[in-house]
Amino acid sequence: MAELGSKGVTAGKIASNVQKKLTRAQEKVLQKLGKADETKDEQFEQCVQNFNKQLSEGTRLQKDLRTYLASVKAMHEASKKLTECLQEVYEPDWPGRDDTNKIAENNDLLWTDFHQKLVDQALLTMDTYLGQFPDIKSRIAKRGRKLVDYDSARHHFEALQTAKKKDETKIAKAEEELVKAQKVFEEMNVDLQEELPSLWNSRVGFYVNTFQSIAGLEENFHKEMSKLNQNLHDVLLSLDKQYSGNAFPVKAQPRKKTKLFARLRKKMSSDSTPAKANKSPSPPPDGSPITSPETKTVNHELEPSTLEAPGASIPKSPSQPAEAAHAGAEAGGSEAAAGAEASKTEADSGSSSLPAVVVETFPATVNGTVEGGASSERADMPPGFLFKVQAMHDYTATDSDELQLKAGDVVLVIPFENPEEQDEGWLMGVKESDWIQHKELDQCRGVFPENFTERVQ
């Protein structure tokens with residue numbers, strides 16, 4: 001009998017709940033259609049908006065904190081493997097081996113302690129903070145349902161009161177249901193009206209405590225880690241001093257393309273003897289002395305008047321590289337002079353009616369003043385000057401077209417005449433000291449490895 005009674009009560013409760021759901025659904029439809037008014041509480045609605053925002057922010061903070069902890073764990077593992085690698089490569093007879101083992105052990109303990117304290121002081125506190133939101137969220141939803149019940153009971157009572165044929169028994173029962181629904185709603189509403197503002201204000205203190213804990217733990221962790229790193233630095237410094245003669249050398253990137261000046265020398269050697277003879281002026285038949293032509297600064301462009309007269313001679317400056325190269329070749333000069341002679345040979349072969357002209361990229365000057373608006377600083381630089389670099393390491397040249405560098409040398413970088421001849425990792429330039437002394441590119445310029453230098457301007 002008790003079992004049947006229990007089943008009867010359960011069935012009745014289910015039926016009552018179903019009826020409540022139907023009544024609420026009908027009431028919501030009437031409210032949406034504007035056929036029934038809805039009880040509004042703007043202050044409470046603002047509290048609900050703040051609650052939802054606070055829940056969203058807290059959920060995001062919890063997610064990001066878990067991601068942070070996962071990153072700390074990953075860094076711990078990476079650091080552990082790195083120190084284990086150091087222990088493996090550190091040979092037994094090297095000084096400081098015991099110290100490196102101790103440092104590795106302390107490093108592992110420090111990471112473990114940091115991670116555990118983050119869990120205890122930040123993540124668990126975060127979980128406790130968010131643990132109160134589900135219950136309050138459920139009560140807010142229930143309060144909304146009770147508000148619909150209250151509005152439904154109120155509308156039912158008002159409808160019975162305004163009916164043409166009044167039934168006092170139904171009116172009394174409806175009034176009783178209204179009072180009951182109002183009481184249940186107001187009890188829940190009052191509790192939430194007190195709790196929600198208090199919960200909203202608590203967020204400030206929670207954020208402060210959480211981030212203060214994280215910041216403090218990070219500060220202590222990095223202080224202790226800094227001490228370990230300093231100890232490791234000192235141990236390795238001691239090892240370096242004992243084996244200082246075996247320092248890791250800085251190597252230049254290998255060159256793959258044909259050497260620039262080697263190509264010029266090859267071309268020069270293949271030229272015919274008559275072509276070379278054309279470079280030296282022959283004495284006139286009457287035996288008169290050879291006179292120097294009038295010196296004139298040659299700019300990038302030839303003057304039109306010079307080109308109009310066929311066979312007109314174009315004066316060349318005695319300071320031009322071609323003259324220096326010819327003089328060097330006649331005297332059995334250097335390879336650089338031979339390279340300049342090869343360049344001049346190419347210019348000679350290009351025209352049969354005009355003498356060869358070596359066009360320099362120096363800006364034209366009048367009474368020592370730079371023409372064309374160029375700054376005096378640029379005028380002092382080699383043609384096509386790009387930027388300055390300083391040698392950080394010594395470099396021993398392995399070919400005649402390379403620069404010999406000492407640490408501290410300043411090099412003026414210039415472009416390659418043929419970009420296809422530039423190897424990856426190599427630059428063309430002239431040492432600043434050579435340029436100031438000679439103002440000559442053909443004899444002073446050369447290629448050098450970029451990784452041996454550092455840009456300074």
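Valine 72 is buried in this predicted model, with a relative accessible area of 6%. The residue belongs to helix H2, which covers residues 42–89. Once neighbours within four places in sequence are set aside, valine 72 is in contact with Trp111, Phe114, His115 and Leu118. Tryptophan 111 sits 39 residues from valine 72 along the chain, and the C-alpha atoms of the two are 8.0 Å apart.

Helix H2 also takes part in the largest nonpolar core, to which H2, helix H3 (97–131), helix H4 (133–161) and helix H5 (168–242) each give two or more residues. This core has 35 residues, and Phe51 and Leu196 are those with the most contacts inside it. Beyond four places in sequence, phenylalanine 51 touches Phe133, Ile136, Lys137, Ile140, Leu196 and Leu199. A second core, separate from this one, has 23 residues, including Met381, Phe387, Val411 and Trp435.

Turning to charged side chains, the structure holds 13 salt bridges. One of them joins arginine 60 to aspartate 64, with 3.5 Å between the closest N and O atoms. Both residues lie in helix H2, 4 residues apart, or about one turn of the helix. Arginine 60 is exposed, at a relative accessible area of 61%, whereas aspartate 64 is partly exposed, at 38%.

A further salt bridge is found in helix H4, where aspartate 135 and arginine 139 are 4 residues apart and thus separated by about one helical turn. Their side chains meet at 3.8 Å, N to O. Aspartate 135 has a relative accessible area of 46% and is partly exposed; arginine 139, at 21%, also counts as partly exposed, given that buried means under 20%. Together with Glu195, Asp135 and Arg139 are linked in a network of salt bridges.

The salt bridge between glutamate 432 and lysine 388 has an N to O distance of 2.9 Å. Glutamate 432 lies in helix H12 (residues 432–438) and lysine 388 in strand S3 (residues 387–391), so this pair ties together parts that are 44 residues apart in sequence. Lysine 388 is buried, with a relative accessible area of 13%, while glutamate 432 is partly exposed at 21%.

As for confidence, the mean pLDDT of the protein is 76, and 68% of its residues reach 70 or more. Over residues 1–7 pLDDT stays under 50, and the model has 0 contacts beyond four places in sequence for this stretch. Residues 272–359 also stay under 50, with 84 such contacts in the model.

Definitions and conventions
Residues are numbered from 1 along each chain as its sequence is written. This is a predicted model: local features need pLDDT of at least 70, side-chain atom pairs count only at pLDDT 80 or more; totals for chains, interfaces and linings use all residues. Side-chain values use heavy atoms; hydrogens and water are left out. pLDDT is the predictor's confidence in each residue, from 0 to 100. Contact means heavy atoms within 4.5 Å. Buried means under 20% relative accessible area, exposed over 50%, partly exposed in between (1.4 Å probe, protein chains only). A nonpolar core is a set of buried Ala, Val, Leu, Ile, Met, Phe, Trp, Tyr and Cys residues joined through side-chain atoms within 4.5 Å. A salt bridge is a side-chain nitrogen of Lys or Arg within 4 Å of a carboxyl oxygen of Asp or Glu.
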